[in-house]
Amino acid sequence: MSDMINVALPKGRLGEKVYDIFEKCGFECPSIKEKNRKLIFENEEKGVRYFWVKPSDVAIYVERGAADIGVAGKDILLEYNPDVYELADLHMGKCRMAVAGKNDFRDDRTKTLKVATKFPNIARTYYNSISREIDIIKLNGSIEIAPILGLSDVIVDIVETGKTLIENDLRPYETIVPISARLISNKVSFKFKNAQITELAKKISEYCAE
């Protein structure tokens, strides 16, 4: 059982799409598609064990070795900087991390910029890179209303279609980094299960590149 590859999948639509890729690459586990509330599924013949976790927790499971590999958004990897290997870009869940503000926003560089975000580390790193003094306001939801109510000058958040911004009279001003789902590996697992993980990562990477 120790030779099995433990895979942390993000709950939700993205995780289901990711599992479909694993299945098409020859790492199927039929029980995962059964209607039940189980969280752990395994196929000893294929040497894989899958489990569902909250998307933001995947990197933690992988970093601490509860999972050998997993799939996490680039936003999570940049924000929390887990000590893991990034093996492949799955080209799924594509969006971008962006700076957005009211339509009439003008950056007055004589003042400290107030930035509302769920991603303080990403925001801080970005503004440090352009030598901009900021005041970070950490929020957990409804980021878009912060500039409307005057809580912040701008927001740093994930933008997919931009529809939510437009409906709230906001617009994106700057793309910080493109975001997509990444295949990651625990560093110790990569050393001791190298053959299995490398084979799996190669097949997944080749499939996603097609």
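Ile145, Ile148 and Leu149 come together as a nonpolar patch on the surface, covering about 290 Å². Keep in mind that this is a predicted model. Beyond the patch, there's a largest pocket holding about 720 Å³ of space, set in a protein chain of 210 residues.

**The surface patch**
- Ile145, one of the patch residues, sits in helix H5, which spans residues 145-148.
- How much of Ile145 is on show? Its relative accessible area is 40%, so it counts as partly exposed, since that class runs between under 20% for buried and over 50% for exposed.

**The largest pocket**
- There are 27 residues lining the largest pocket.
- Nearest the centre of that pocket you'll find Leu14, Pro55, Asp75, Gly93 and Ile158.
- Which elements each supply at least two residues of the lining? Helix H1 (13-24), strand S4 (69-73) and helix H3 (74-80) each do.
- By residue type, the lining of the largest pocket splits into 14 nonpolar, eight charged and five polar residues.

**The chain as a whole**
- The protein chain carries eight helices and eleven strands; helices H1 and H3 from the pocket lining and helix H5 from the patch region are among the helices.
- Taken along the principal axes, the C-alpha atoms fill a box of roughly 65 × 35 × 30 Å.
- As for burial, 45% of the 210 residues count as buried.

Notes
Residues numbered from 1 in each chain as written. Predicted model: local features only at pLDDT ≥ 70, side-chain atom pairs only at ≥ 80, totals over all residues. Heavy atoms only, no water. Patch = residues over 30% accessible without salt bridge, like charges linked within 9 Å, V, L, I, M, F, W, Y side chains within 5 Å. Areas by Shrake-Rupley, 256 points an atom, 1.4 Å probe, with all protein chains shown as cover. Salt bridge = Lys/Arg side-chain N within 4 Å of Asp/Glu carboxyl O. Helix = DSSP H or I, 4+ residues; strand = E, 2+ residues; numbered from the N terminus. Buried < 20%, exposed > 50% of the residue type's maximum accessible area, 1.4 Å probe, protein only. 1 Å grid on protein atoms, 1.4 Å probe; cavity = no way out; pocket = protein on both sides within 12 Å on 5 of 7 lines; lining within 4 Å. Points joined across faces, edges and corners; volume = space filled by probe spheres on them. Nonpolar A, V, L, I, M, F, W, Y, C, P; charged D, E, K, R; others polar.
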